[in-house]
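Please prepare a short briefing on the ligand site of this model and on a helix beside the topic of binding.

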Amino acid sequence: MGDPDPTNDRTETERLDEEYVFGTWAYQSEVDPTEVTGGEGVRFTDASGNEYIDFSGQLMCTNLGHSAEAVSEAMAEQAEEGAYFAPGFATEARAQLGEKLAEVTPGDLTKTFFSTSGTEAVEAAIKIARMYTGKDKILSRYRSYHGATYGSISATGDPRRLVAEPGVPGMVKAPDPYDYGSTLDPMESLEYIDEMLMLEGDTVAAVLVEPIIGSNGVIVPPEEYLPRLKEIAHDHGALLICDEVMAGFGRTGEWFGSDVFGVQPDVMAMSKGLSGAYAPLGATTVTPEIAEHFEENMFCHGHTYAGHPVSCAAGLAALRTYEEEGLIERSSEVGEYLGDRLAELEEDHPSVGDTRGVGLFRGIELTRDPDDRVPFGTRDDRMSMGSTVLDEVSAAAMDEGTYVANVINTFIVAPPLTITEGEIDEAVAALDGALEVADDAMDR
Ligand SMILES: Cc1ncc(COP(=O)(O)O)c(C=O)c1O
């Protein structure tokens with residue numbers, strides 16, 4: 001299927017895909033996917049044989065790169081031995097993965113519900129918090145993405161939630177610790193949450209946050225933010241749920257974003273790097289106290305594919321690979337280098353307003369006007385037709401052999417944790433050229 005069609009320059013796969021498959025979060029008339037045929041290490045290849053550095057880890061999820069053989073072999077073995085058994089049976093990989101997660105997650109987080117995506121991991125976290133506390137409301141923040149189903153999109157703050165509104169009742173939105181682009185100081189925004197929780201009365205089941213905000217701009221809060229947020233939530237009888245779907249599994253140079261701040265949440269939602277993107281897998285892990293509650297109260301949740309054996313085999317092999325190859329520590333070391341290289345782009349390009357992040361989780365935010373920090377891409381653009389200047393920069397980088405995703409006004413740099421300094425140099429060189437498009441567009 002990979003042969004280019006000489007009549008219109010599109011491959012048969014691209015043609016079929018466009019005709020029969022929905023593109024996600026997109027006007028279908030604008031969907032124009034490139035056929036990809038394979039990957040090796042941090043690179044992937046299209047049907048014409050062009051190679052790209054995967055500088056965003058696809059959707060910030062290919063943490064192990066494209067050739068983690070231990071993971072694909074574990075999946076093949078599990079598929080041969082027994083591809084599927086109902087969640088009511090115990091399977092070795094699921095049991096061992098549960099144990100391993102209890103070991104690597106912060107503090108005494110212990111018991112896990114397995115699902116198949118980040119959305120489902122968050123959805124389960126919301127239901128668990130409601131069942132455990134007997135309260136209804138979830139407080140989340142405006143600059144957040146928590147998933148696509150009704151519960152998780154209602155908790156989401158970014159504009160993708162708008163089509164689902166009014167959504168699930170009881171979702172309260174708070175401001176964010178966004179130093180570069182918000183009028184509120186990050187720590188002031190936190191005290192505002194304290195005030196909100198007081199005013200909501202004793203009705204909030206949980207505060208749900210990404211410890212480091214991902215697709216809404218790679219926003220890292222001040223060091224004291226997350227510990228204080230946990231204190232505030234507990235003071236008001238609410239749980240702290242950390243959505244680690246993007247920040248988890250070495251992305252930040254620690255196992256989890258929460259670890260960067262030394263915080264153990266009450267509930268943690270995970271996916272993406274959990275299987276290194278080799279299989280659809282989500283996980284929601286809770287404290288022993290919350291687990292204990294469900295001894296005598298029904299755990300009223302589940303899916304046919306909850307704890308799918310092949311996905312769990314992928315997860316277990318992925319966690320072993322992170323450990324055996326020292327990838328968490330590596331992310332921290334190589335991440336410093338990445339941060340330095342991106343800071344050079346900020347110095348060299350007037351359109352780069354801010355670079356920020358930790359480990360191999362970095363954002364490059366653009367501006368039309370560095371003094372007033374006027375963005376190129378707005379939240380309204382997220383839901384509009386047509387490409388933004390950031391899309392043009394991403395396209396130019398792709399022409400230079402580097403794939404980098406952007407959301408609203410920020411490029412999200414989240415490569416496989418196996419990336420070398422040399423590969424970072426290659427990708428930064430491509431971005432250096434591509435950012436001239438934005439420099440030239442500053443007064444457009
Ligand atoms: C922080 C966060 N939570 C939840 C999700 C939803 O995960 P999924 O797309 O796997 O359903 C995402 C996806 O990007 C995410 O970044």
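Which residue follows α5, and what is the sign of its phi? The residue after α5 is G134, with a positive phi near 75°. This is a predicted model, in which local features need pLDDT of at least 70 and side-chain atom pairs count only at pLDDT 80 or more, while totals for chains, interfaces and linings use all residues. Residues are numbered from 1 along each chain as its sequence is written, and side-chain values use heavy atoms, with hydrogens and water left out.

**Ligand surroundings**
- Around the ligand, taking residues with a heavy atom within 4 Å of it, are S117, G118, T119, Y145, H146, G147, E210, D243, V245, M246 and K272.
- A polar side-chain atom of D243 is 2.6 Å from a ligand nitrogen, whereas ligand oxygen atoms lie 3.0 Å from a polar backbone atom of G118 and 3.0 Å from a side-chain N or O atom of K272.
- Of the 390 Å² of accessible area that the ligand has on its own, the protein covers 82% (Shrake-Rupley method, 1.4 Å probe).

**Helix α5**
- Helix α5, a DSSP run of H or I with at least four residues, comprises the 16 residues 118–133 and reaches 22 Å from its first C-alpha to its last, close to the 22 Å expected at 1.5 Å a residue (1.5 Å times one less than the number of residues).
- S117 caps the N-terminal end of α5, with a side-chain oxygen 3.5 Å from the backbone nitrogen of T119.
- Buried residues of α5 (under 20% relative accessible area, 1.4 Å probe, protein chains only) include G118, T119, E120 and E123.

Notes:
A polar contact is a pair of N or O atoms within 3.5 Å; within protein, one must be able to donate a hydrogen and the other to accept it, and residues adjacent in sequence count only if both atoms are side-chain atoms. Helices (H or I, at least four residues) and strands (E, at least two) are DSSP runs, numbered from the N terminus. Buried means under 20% relative accessible area, exposed over 50%, partly exposed in between (1.4 Å probe, protein chains only).
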